Amino acid sequence: MPHNAFSTAWVKVKKLLAYSPPRGPDPFVLDEERPHDGAEPLTRAPGAAAGSLEHLAALTEFARRLALFTDKTRRALRDGSLAAEARGYRAELAALEKQWAGLAPLPFAYGRGTAPADAGISTSLSDSRRALEGIFRLPRNRDVVLREIMTGGERPVAALLVYTEGLAADDKLDRFVIEPLMRTAEPPYGEEAMRVFALKVIPNGQVRPAVTLGQVQEGVNMGDTALFFDGVGEALIIETKGWEHRGVESPKTEQTVRGSLSAFNENLRVNTGLVRSILRSSDLVTELVKVGSRGQLNCALMYIDSIANPALVAEVKRRLEGIATDYVADSAELAQFIEDSPTLLFPQSLSTERPDRVAVHLAEGRVALILEGNPFAQILPVSFFTFFHSAEDFSMKSGTANFMRVLRLFGTLLSVVLPSLYLSLSYFHQEAMPTELLLAVAGSRENVPFPAWFEVLVMEVSFELIREAGIRIPGMLSSTIGIVGAIILGQAAVAARVVSPIVVVVVAITGLASFTIPEFRMASAVRIMRFLLFIIASTMGLVGLAMAILGLTAVLCRMKSFGVPYLAPVGPRNEANYDVVTRGQVFDQEARPDELGAKDRRRQPKVSRRWTMERPAGKGEE
Amino acid sequence: MTRRSGRMGTGEGIGLAFAVSLPLVFLTTPAYLAETAGSASWATPILGGVAGGALLYILLLLTGRYPGDLLGLSARLLGKAGPFLIGGFYFAVFFATACLWTRQFAENTLLTALPAAEFDNVLLWYGLSAMLLAYLGIETVGRANYVLLPFGLGGLALVLAGLAPIANRSTSRPSWGTGWPPWPLPPSCSSGRAARWRCC
């Protein structure tokens, strides 16, 4: 087609008539298809081929140990030291025999069929290590540490320590476990080895034996250290608990009457430890991702492996790794780098300084981000309704909690629309007010020389000034400023006839209502929205207000928080759990939020209070 | 999971159906039609609906068979003049329906809700809202309508409840008011039953 004015116009008309938006990569949508449904747990090998490989690896390991033992025995026979160390050799041989018995095809197959936690402890250190890597999702999980050391003495024995960083105290670990192990002159052998070791070597008040990996798992999750020896089919659980508790400060921005009173601080390991001290799950994974090319801060990505949607975890990790910037100072700043619609005012991740709140959301299938040097965690994905939940909602009875939730939503509604409603009624819809009220409003405005919109604007701006000044002024002065600003300024403004008393009332109620929103960033977004609606209502009255609310709802409907619709489960409608606007009884919380596509949809069985189905105590059968 | 991401669901469909049909209740067109066409006014929506349905069917048939946009399709089927004809037709339809209706809605808004507002302001706000909603897309609009539907219907119910004391209920059913017209009922009914209902 020749390039002239006509053709240009034609192309423009064609573009206008058949407009299609520019195509970019498809946005991330957390898909409903769940390929992980029915997948076997990671700790078990998938299929027969993997089983054979596992068996082969175990046999190879056994052959290696046997070869070492044979070599050692041959050398001892040659130099005549066998008789002197006969006890040690006998114990080692017994351990090898025990390992061989477990490697026969039938017991091995049965062993693979049992849950990892129920499995016994192998005499082979590498077998134990492999099993522990499966249980604690290593090496992805950076909280749990497996450390191999050699004991002291002439015949050193390989040992394996397992502990959780952040839960175990470093000084206890060094003083009561590692140092005695390395300094011991004669490490014990055989079946009695652990008992002897606990009696003679470990200077610790609480030491207990463990014979299954489940016991080890429980101890490690409690902050203790598990100690394995090569050739010994049991472990020692040594008390090394030492996570931060009550030394950390109470929350500043999320104060509650009930619930935990500890808050995050600037130390990443303390923060992950605080979460782990509440949620003692072996498959709680903490992955560390470096953020910022120059700052190189660690960002902990926490999730429960058996619950969180793998697509969500992979997407969050992809976004984190895709940040190319010098330095990220704050976790909320980090969230802006990775969220779906960073230009919109509404927050797309929940910011919290409370470890208990993080634990609750992780248990629902969400992901938490904790940035090094920052006392706030970001929880994602979230829905609009999450921002109106409080940390103590489940500490109260459902009726009380629901009343508070409805009150918060009503407060939010008032905070958004009250000034606009006042302007609409006073400018465009006087007929909608009862005559007495209309006369009272008119009477109060009689001596004010400014239009109503100016009055509201002056008071709103004054209120925002007081609020901002209250935050910035340190210490006790902030509350004084608030009182002085609110009472004296309002009173003086009315006396000076700059504003009418009704406007003071409207702005005061609006300001008070805005404080009912628990999340600061959501409250800030609502404040900005209020000003937008204020402008629209000044020109279009209630019609404009209705149109603005429709537009606002449409924007919220379009938004996504990490692939999850922002208004889910209301728009789009999906199967809701009993904790959206209001919440049900604790024993009715059977399902996790549907929109998260969690691996395990069920949180608890239909009948979670099993005792109601049982015979009362003391009422045995006659 | 019951949500179908990226696909229109029943909820969105209901929202869109209400969004399209509910504002028409407040238009003066039906009243004007009844006034001018009298007892034949029923023919207009029926014939219009049949014609619109047939047009839609043909469009679906053609776009299913030939990929591409409407202008490319018309150029392929009707030659070089095709895009101008079809584009011009749809431009005219767009102006006739969207723009003129916007004007009518704006006029009605001034008459019923905002007598003190500027006509240009109202037009501007309607235009901006339409732009925003068009930008956000049909799925979002359907979803937003679905979310707001209970509030809208609740508001209407509230208005109706407020008007209930002054409502003339005798016009709610033909049998309560002027009675059934004589032609749809057999003679016995038109004399006996209808007369009895009229007394109720």
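Here is a short conversation about the predicted model of chain A and the terms used for it.

User: What makes 49% of the 622 residues in chain A count as buried?

Analyst: Good place to start! Buried means under 20% relative accessible area. In chain A, 49% of the 622 residues are buried.

User: How many helices and strands does chain A have, and what makes a run count as one?

Analyst: Chain A has 18 helices and 12 strands. A helix needs at least four residues and a strand at least two. Strand 8 covers 350-352, so this run qualifies under the minimum of two.

User: How do you know that strand 6 and strand 7 of chain A pair?

Analyst: Pairing requires at least two bridges. Strand 6 is joined to strand 7 (residues 297-304) by 8 bridges, and the two run antiparallel. Because at least two bridges are needed, they count as a pair. Within strand 7, A:Ala300 is the residue opposite A:Leu288.

User: Why are strand 6 and strand 8 of chain A called edge strands?

Analyst: The open sheet has 5 strands in the order 6-7-9-10-8, with antiparallel pairing. Strand 6 (284-291) and strand 8 (350-352) each pair on one side only. From one strand to the next, the twist averages 25°.

User: What makes helix 10 of chain A a neighbour that packs on the sheet?

Analyst: Contact means heavy atoms within 4.5 Å. Helix 10 (residues 310-321) touches strand 6, strand 7, strand 9 (367-371) and strand 10 (377-380) of chain A. The direction of helix 10 makes about 20° with that of strand 6.

Definitions and conventions: Residues are numbered from 1 along each chain as its sequence is written. Chains are lettered from A and ligands numbered from 1 in the order in which they are written. This is a predicted model: local features need pLDDT of at least 70, side-chain atom pairs count only at pLDDT 80 or more; totals for chains, interfaces and linings use all residues. Side-chain values use heavy atoms; hydrogens and water are left out. Buried means under 20% relative accessible area, exposed over 50%, partly exposed in between (1.4 Å probe, protein chains only). Axes are lines fitted to C-alpha atoms, for helices over the stretch in contact, and angles run from 0 to 180 degrees between N-to-C directions.
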